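This report describes one protein model for a reader at the bench. Please have the sequence and the structure open while reading.

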Amino acid sequence: MKAFSAVLFLVFVVVAPQESQPSPSYFTHLRTVTPGAANGQNYIVIDEDTWDHARKDLADIRLYDPRGIQVPYFLNEQRGGIFSEEQPAKILNLGSIKGHTEFDVAAGEITEYDRIRLQLNAKDFVTTASVEGTNTAGQTRGTRLGSFTLYDFSRENLGSNSVLKLPPSNFPYLHVRLSSVVLPAQVKGATIYNVQEKQSAWTDVGVCHPSEQKEHSTILICDVPPRVPLERILFRAAPGQINFRRNVSVTDERGGQVASGEITRIRMNRSGTIVTSEELAVKVIPGQDSDRLTVTIDNGDDPALTFDSVQPQSIERRLYFQPQRETVLNLYYGDQKLAAPIYDYAKFFKADPAAVKARLGTGTRNPAYSGRPDERPWSERHRSLLWAAMLLAVAVLGGLAIRSLKAASA
């Protein structure tokens with residue numbers, strides 16, 4: 001029985017796969033990293049060269065000090081977002097005073113807030129909302145929180161805005177006074193919320209070539225590196241281009257749509273009130289891998305827009321690390337079999353607002369690259385020995401069976 005167990009152990013050992021381990025000689029590319037601060041938190045921005053030669057998920061990136069010891073890191077997407085606590089708010093004391101619509105908004109259970117969205121049943125208007133924070137309902141004089149432009153441009157097909165962006169406030173009540181146009185009966189409700197907004201950081205990738213005009217459309221061709229994740233296309237419209245709203249479509253080389261949306265810029269003066277608003281980026285569907293995109297802007301019957309540039313962009317990826325007093329580190333990448341590292345540093349990571357950007361050297365081919373040894377399972381590299389081990393196991397089993405039969409008949 002001991003012999004049989006030994007044979008089974010041998011078969012398990014030769015068949016069991018081994019996890020790939022990192023080694024500087026297994027990476028195809030490397031570059032130097034010069035920290036900007038010897039002791040504090042540093043970061044580098046992943047650029048096109050790293051994307052081109054690393055795994056698509058960047059799992060094979062490793063940072064080494066001059067002694068060949070790994071330096072832990074955390075890879076972070078600089079993606080923005082809006083996080084909010086939101087609830088309906090009561091409208092109190094709604095009425096008209098000297099031709100102006102006025103009312104109170106009860107903050108309710110939200111202890112701090114910086115936004116109010118009004119539900120207005122009105123079209124084609126511009127009005128100014130003056131807001132004051134108060135401690136009691138019905139108090140018409142309080143702490144001034146600012147004046148805000150509300151508008152609806154349905155007739156021009158240029159959108160609307162009914163959000164009051166306040167400074168962070170904690171008054172139990174807000175008194176709102178509308179300058180004109182909107183009647184008390186058109187104020188249907190309000191929502192109050194606290195927004196925590198983080199802006200995304202973007203990296204330019206690829207290039208878009210000069211546009212051409214075809215009938216009612218503007219066509220641009222953009223070349224993008226296929227391994228860099230593309231997240232949006234930014235349209236930098238010339239400053240003189242105002243009051244437009246155009247649909248945009250982006251397709252790949254096969255004609256598949258990878259993005260659609262609209263770009264808009266509003267600069268309008270209505271009865272002395274200036275309205276400004278713009279949105280000049282179109283989001284790209286995740287996962288697109290084409291290296292050439294066609295951007296189509298629908299101009300309708302309007303003249304074509306003029307752009308200072310049209311730029312594909314990717315969310316900035318930052319690799320944060322502590323240089324541990326080292327003045328130069330080495331960044332290795334280009335090992336397709338390597339899995340992502342697991343560091344305690346990443347588990348407890350918190351970005352330091354004062355983190356310093358390190359200098360990233362030019363990417364080069366790793367002169368010490370030798371490639372990985374044959375890491376196929378032992379069973380695939382030595383099939384004949386595996387068969388011999390299996391036959392030996394069968395022979396042992398047969399011998400044990402025969403011995404058992406003889407013992408039973410004796």
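The sections below cover confidence, two sheets, two pockets and two loop residues.

## Confidence of the model

This is a predicted model. Its chain has a mean pLDDT of 88, and 90% of the residues reach 70 or more. Residues 6–17 have a pLDDT below 50. In the model, that stretch makes 12 contacts beyond near neighbours in sequence.

## The sheet with mixed pairing

One open sheet has 4 strands in the order β4-β25-β2-β27, and its pairing is mixed. At its edges are β4 (73–77) and β27 (356–357), each of which pairs on one side only.

Within this sheet, β2 (residues 42–45) and β25 (residues 317–321) are antiparallel partners, paired over 4 bridges. Across this pair, Val-45 is placed opposite Arg-318 of β25.

## The antiparallel sheet

Another open sheet of 4 strands follows the order β14-β24-β18-β22, with antiparallel pairing. Strands β14 (202–204) and β22 form the edges, and each pairs on one side only. From one strand to the next, the twist averages 30°.

The edge strand β14 is joined by 3 bridges to β24 (residues 307–315), and the two run antiparallel. Here Trp-202 faces a partner in β24, with Ile-315 standing opposite. Both residues come up again in the next section, among those closest to the centre of the largest pocket.

## The largest pocket

Which residues lie closest to the centre of the largest pocket? The pocket itself has a volume of about 800 Å³. It is lined by 34 residues, and the closest to its centre are Trp-202, Glu-231, Arg-232, Lys-283 and Ile-315.

Several strands give two or more residues to this lining: β5 (81–97), β13 (187–198), β18 (232–237), β21 (273–279) and β22 (281–283). Two of these, β18 and β22, are also strands of the antiparallel sheet. By class, the lining of the largest pocket comprises 16 nonpolar, 6 polar and 12 charged residues.

## The second largest pocket

The second largest pocket has a volume of about 430 Å³. Its lining consists of 16 residues, of which Arg-115, Asn-161, Val-163, Lys-165 and Ser-277 are the closest to the centre. Two or more lining residues come from each of β7 (113–120), β9 (143–152), β11 (163–169), β13 and β21.

Which strand gives the most to this lining? It is β21, with 4 residues. Strands β13 and β21 also appear among the elements that give two or more residues to the lining of the largest pocket. In the second largest pocket, the lining divides into 8 nonpolar, 4 polar and 4 charged residues.

## Two asparagines with positive phi

Asn-157 has a phi near 60°, a positive value in a residue other than glycine. This residue sits in the loop between β9 and β10 (160–161). Strand β9, on one side of that loop, is one of the elements that give two or more residues to the lining of the second largest pocket.

For Asn-243, phi is near 55°, again positive in a residue other than glycine. Asn-243 belongs to the loop between β18 and β19 (244–251). Strand β18 gives two or more residues to the lining of the largest pocket.

Definitions and conventions
Residues numbered from 1 in each chain as written. Predicted model: local features only at pLDDT ≥ 70, side-chain atom pairs only at ≥ 80, totals over all residues. Heavy atoms only, no water. 1 Å grid on protein atoms, 1.4 Å probe; cavity = no way out; pocket = protein on both sides within 12 Å on 5 of 7 lines; lining within 4 Å. Points joined across faces, edges and corners; volume = space filled by probe spheres on them. Nonpolar A, V, L, I, M, F, W, Y, C, P; charged D, E, K, R; others polar. Pairing = 2+ DSSP bridges. pLDDT = per-residue confidence, 0-100. Contact = heavy atoms within 4.5 Å. Axes fitted to C-alpha atoms, helices over the stretch in contact; angles between N-to-C directions.
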